[in-house]
Amino acid sequence: MSAERRNAFPWRELPGLLSTRLLAAFLVPTLLFVAVAGTAVYQLARSILEEELGTSLSNIAAATASQLNGERMLTIEAGDDSGGTRTWRNLVRLLEGVREASGARRVFAVDVQGRVRADVGGGLPVGSEVPELARDRLELARVFAGEHAASQVLFTGSDGRLYKTGYAPIVHAGKVVGAVGVEGSAAFFGPLQHLSRTFVIMGALALTALAIIALLTARGLARPLGRLMDSALRIGRGDLTTPVPPEPTREIGVLARELEVMRGALESRDRQLKMMLAGVAHEVRNPLGGIALFSGILQEDLRAGAHEEAQEHVERIQREVAFLQRIVEDFLAFAREQPLARAPVEAPALLSVVQELSSAEASMRDVTLEVDATPAVLEADGSLLTAALLNLVKNAVQASAAGGRVRISGAEHDGRYAIRVHDAGAGVPEAERERIFEPFFTTREKGTGLGLPLARKIARAHGGELHLTSAPGDTTFTLTLPLRPSGVSSPR
């Protein structure tokens with residue numbers, strides 16, 4: 001994403017975006033769960049209660065049918081209800097007793113043709129057909145086959161309430177001659193519907209609570225995330241000096257700390273880069289000035305035919321070019337991030353190589369190099385470590401007077417391996433002891449100021465450190481390195 005697009009993004013809308021997403025994440029699954037679970041529970045409860053009601057009504061019908069005399073019932077003919085025959089009155093009295101005892105709305109008896117023989121609560125005359133029987137044809141077929149049955153569906157009565165009918169066969173001489181029907185009210189639907197409404201209300205309250213929680217959570221997340229985004233945008237715009245504020249939330253606090261570490265690293269690298277660029281510009285300016293000066297003098301001498309003086313100027317130019325080349329090489333060596341090629345390195349052999357490579361310059365300055373190293377194996381990049389030690393030994397040789405000695409020693413100390421480079425020179429003034437590790441800081445006329453910073457950088461890349469202790473006549477650079485883990489075999 002480009003800087004323009006990052007800056008154009010409405011980060012202030014983050015709380016709204018998080019609120020919307022959290023609301024969707026919380027409410028949609030909850031709403032689906034509540035709807036599915038509520039519907040399933042309602043349907044299950046309704047099915048169970050319907051089945052229980054049907055069973056109860058059919059049992060009442062069976063008990064009623066067991067008290068009827070099928071033969072006498074069949075003697076009831078149309079008009080008996082008007083005349084009030086004794087058989088019809090006895091049957092009605094029985095059905096009325098069942099109705100009052102069971103609380104049923106209607107109890108009736110019919111023959112196998114579905115014609116009424118007695119109807120208590122329905123008011124149909126004897127001999128008429130019961131319209132509701134057409135609805136329950138399948139159930140009546142089972143009843144006339146000798147089984148108990150109940151209507152499969154609820155129906156709405158004239159009072160607007162739901163009802164169900166239970167049936168049982170009337171048997172005479174082993175033959176089904178009719179059926180008893182008992183209509184009962186599905187009164188349980190009132191509490192069931194009340195329970196359903198309560199469930200809906202509770203679900204709505206739960207969704208409201210979740211919505212409030214989602215909004216509060218979104219706000220709690222959005223504020224620290226917004227601060228982190230502001231910090232990230234500042235860093236992206238180049239503001240590396242403003243610290244990233246810490247955050248109390250654990251996960252976001254980790255992000256804030258890591259972002260602050262990144263900002264600090266970028267600030268350090270940016271400061272170092274600016275310092276290096278300024279140092280390079282300053283250091284390059286001197287040899288370039290010398291080259292320009294002596295090349296101009298060389299040109300004049302060549303025109304005047306002074307060839308002997310010209311050779312001297314050429315040598316001066318070559319020295320300045322060599323110094324300029326060394327500045328560039330040191331700069332590249334310091335700036336380049338080289339991966340470590342770790343391998344087992346014998347400490348005495350490493351110090352011996354450093355002594356051999358430094359012997360030429362030491363001989364020119366009449367300085368003696370002494371090496372004393374206890375055996376140890378380091379897991380290090382031998383070439384980079386050699387370069388770091390060469391810089392330390394070179395500084396010590398240059399700081400030593402003619403006839404002096406530079407002592408290079410190595411020994412285990414506090415679980416690490418310490419390599420010390422000691423000289424008896426004038427020492428480093430206290431005010432300069434920390435600055436000598438800054439890039440391009442040097443007290444020598446032809447020094448680049450990158451040798452010691454490079455040596456410390458190499459030491460730290462190995463997990464070690466480079467320290468200085470100095471006094472007149474006693475200066476020591478100590479490079480500490482981790483030892484190779486025990487039990488690791490050397491490659492063959």
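Let us begin with T475, which counts as buried because its relative accessibility is 3%, below the 20% cut-off for that class. Please bear in mind that this is a predicted model. T475 belongs to strand β13, which spans residues 474-482. Its side chain is engaged in a polar contact with the side chain of S470, at 3.0 Å. Which residues touch T475, once its neighbours within four places in sequence are left aside? They are V421, H422, D423, G427, V428, L468, T469 and S470. S470 therefore appears twice in this account: among the contacts of T475, and as its polar partner at 3.0 Å, with T475 itself buried at 3% relative accessibility.

I turn now to helix α7, residues 137-144, where E139, L140 and V143 are buried. These three residues lie on the same side of α7, because they cover an arc of only 95 degrees around the axis. As a general point, an α-helix has 3.6 residues a turn, so residues three or four places apart point the same way. On the other side of α7, R137 and L138 are exposed.

What covers the buried residues of α7? The cover includes helix α6 (132-135) and the strands β3 (149-150), β5 (162-172) and β6 (175-185). After α7 comes G146, which has a positive phi, near 105 degrees.

Finally, I draw your attention to the surface. I201, M202 and L205 make a nonpolar patch there of about 310 Å². One of these residues, L205, is located in helix α8, which covers residues 189-236.

Key:
Residues are numbered from 1 along each chain as its sequence is written. This is a predicted model: local features need pLDDT of at least 70, side-chain atom pairs count only at pLDDT 80 or more; totals for chains, interfaces and linings use all residues. Side-chain values use heavy atoms; hydrogens and water are left out. Buried means under 20% relative accessible area, exposed over 50%, partly exposed in between (1.4 Å probe, protein chains only). Helices (H or I, at least four residues) and strands (E, at least two) are DSSP runs, numbered from the N terminus. The arc is that of the directions from the helix axis to the C-beta atoms. Contact means heavy atoms within 4.5 Å. Patches are made of residues with over 30% relative accessible area and no salt bridge: like charges are joined within 9 Å, nonpolar side chains (Val, Leu, Ile, Met, Phe, Trp, Tyr) within 5 Å. Accessible areas come from the Shrake-Rupley method with a 1.4 Å probe; for residues, only the protein chains shown count as cover. A salt bridge is a side-chain nitrogen of Lys or Arg within 4 Å of a carboxyl oxygen of Asp or Glu. A polar contact is a pair of N or O atoms within 3.5 Å; within protein, one must be able to donate a hydrogen and the other to accept it, and residues adjacent in sequence count only if both atoms are side-chain atoms.
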